[in-house]
Amino acid sequence: MLSVLTAGHVNWDVTLRVDRLPVADGESAIRSQHQSGGGSAANVAAALAGLGVEAGLIGSVGDDDNGLLARRELEDAGVSLDGVRIVEDASTAVKYLLVDDDGEVAVLGNDGVNEAVGPADLDRERIRSVDLVHLTGQRPDTAAAIARIASEARVTVSFDPGRRLGDRNYGEALAAADVVFANDREAEAVLEGEYVESDFSDRIVVVKYGGDGAAVHTPNGSYAHPGFDVDPRDTTGAGDAFAAGFIATVLGDGGQDLAGADVERALEFGNACGALTAAQEGARSAPTRSDVEAFLADRF
């Protein structure tokens, strides 16, 4: 079985469905609330497990009730938590997600202890043993150390740095990445212009456009997919589900040899994962492989 180790944040999400996103001096009505695990690295790991990939996680939680709930949910999803550090007398990061009727999301939260894993805490042999390491937003020194260990062992590295890309120095981790995920705004910062003239023109760069699909740039060409028309309920975790679908497909094609991967098919599969997740509530609503295959068969 293919194996992927994800690294980054593990959170507990409290989702509040509201009639509108609040503005200054305004008031919004809460229609319902829902709690579940969250955090980009944890979301991708859970989504990969649902797609039949052996998934493990590097991250940290507190020894509080929220941390216990987060760990139980991941274990139920089939994610290995051997790399998750439990910090005594500390609070798990909690994010409050405000979701309006169009599925748009605003986030309030604290970091808790979701960045307690440092380079000295890493299990090098575990990193060296997998087919791919997927990095998400986290401490830059930890991301760099994981990427360095993986690259030295010829393990494929993918990196989705997230919305704090502009605030943190991820240069070493980005330089080691074989696949870079970014939304359209983050892509401008990474590519600084056109892909073919950038420092990333020798690797795969995947640009996510939310409900408008995604594009992938490779040394052999660029491809785009318009996405799928669904009624969005909650876009939380849709990007993470997309990344999981893309990774599972390219690894299934050729293992660590990305040169043999069908990136157009990966783009379509990832978009289907993102669309199905956005049509449900909560970050942990990523589909199974059979769900995605049935969805795609219904459209072609």
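This report describes enclosed elements, empty spaces and aromatic pairs in one structure. The model is predicted.

**Strand β11 and its neighbours**

Strand β11 covers residues 204-208, and 5 of its 5 residues are buried, so the strand is largely enclosed by the rest of the structure. Both of its faces are covered. On one side the buried residues are I204, V206 and K208, and on the other they are V205 and V207.

Two strands pair with β11. Strand β10 (residues 179-183) pairs with β11 in the parallel sense, over 5 bridges. Within this pairing, V180 has V205 as its bridge partner. Strand β12 (residues 214-218) pairs with β11 in the antiparallel sense, over 4 bridges. Here K208 stands opposite A214 in β12. β11 and β12 form a hairpin with 5 residues between them. In the turn of this hairpin, G210 has a positive phi of about 60°.

**Helix α1**

Helix α1 (residues 40-50) has 9 buried residues out of 11, so the helix is largely enclosed by the rest of the structure. Its buried residues are A41, A42, N43, V44, A45, A46, A47, L48 and A49. After α1 comes G52, which has a positive phi near 90°.

**Empty spaces**

Rolling a probe the size of a water molecule over the atoms shows where empty space is left. With a threshold of 30 Å³ or more, the count is 1 cavity. The largest cavity holds about 70 Å³ of space. Its lining is made up of G8, H9, I58, G59, S60, N114, E115, A116, V117, Q138, R139 and T142. Strand β4 (residues 54-62) gives the largest share of this lining, with 3 residues.

The second largest pocket holds about 310 Å³ of space. It is lined by 17 residues, and the closest to its centre are R203, I204, P219, L258 and A259. One of these, I204, also belongs to the buried residues of β11. The elements that give two or more residues to the lining of this pocket are α5 (171-176) and α8 (263-278).

The table sets out the two linings by class.

| Space | Nonpolar | Polar | Charged |
|---|---|---|---|
| Largest cavity | 3 residues | 7 residues | 2 residues |
| Second largest pocket | 10 residues | 2 residues | 5 residues |

**Aromatic pairs**

A pair of aromatic rings is described by the distance of the centres and the angle of the planes. The structure holds 5 aromatic pairs. In one of them, the ring centres of F159 and Y170 are 5.1 Å apart and the planes stand at 90°, so this pair is edge-to-face. F159 is in strand β9 (residues 156-160), while Y170 is in the loop between β9 and α5, and the two residues are 11 residues apart. F159 has 0% relative accessibility and therefore counts as buried. Y170, at 3% relative accessibility, counts as buried too.

F228 and F295 form another edge-to-face pair, with 5.2 Å centre to centre and 80° between the planes. F228 lies in the loop between β13 (221-225) and α7 (238-254), whereas F295 lies in helix α9 (residues 289-297), so the pair ties together parts that are 67 residues apart in sequence. F228 and F295 are both buried.

One aromatic cluster is formed by F181, F242 and F246.

Conventions:
Residues numbered from 1 in each chain as written. Predicted model: local features only at pLDDT ≥ 70, side-chain atom pairs only at ≥ 80, totals over all residues. Heavy atoms only, no water. 1 Å grid on protein atoms, 1.4 Å probe; cavity = no way out; pocket = protein on both sides within 12 Å on 5 of 7 lines; lining within 4 Å. Points joined across faces, edges and corners; volume = space filled by probe spheres on them. Nonpolar A, V, L, I, M, F, W, Y, C, P; charged D, E, K, R; others polar. Buried < 20%, exposed > 50% of the residue type's maximum accessible area, 1.4 Å probe, protein only. Pairing = 2+ DSSP bridges. Phe/Tyr/Trp six-rings, centres within 6.5 Å; stacked < 30°, edge-to-face > 60°.
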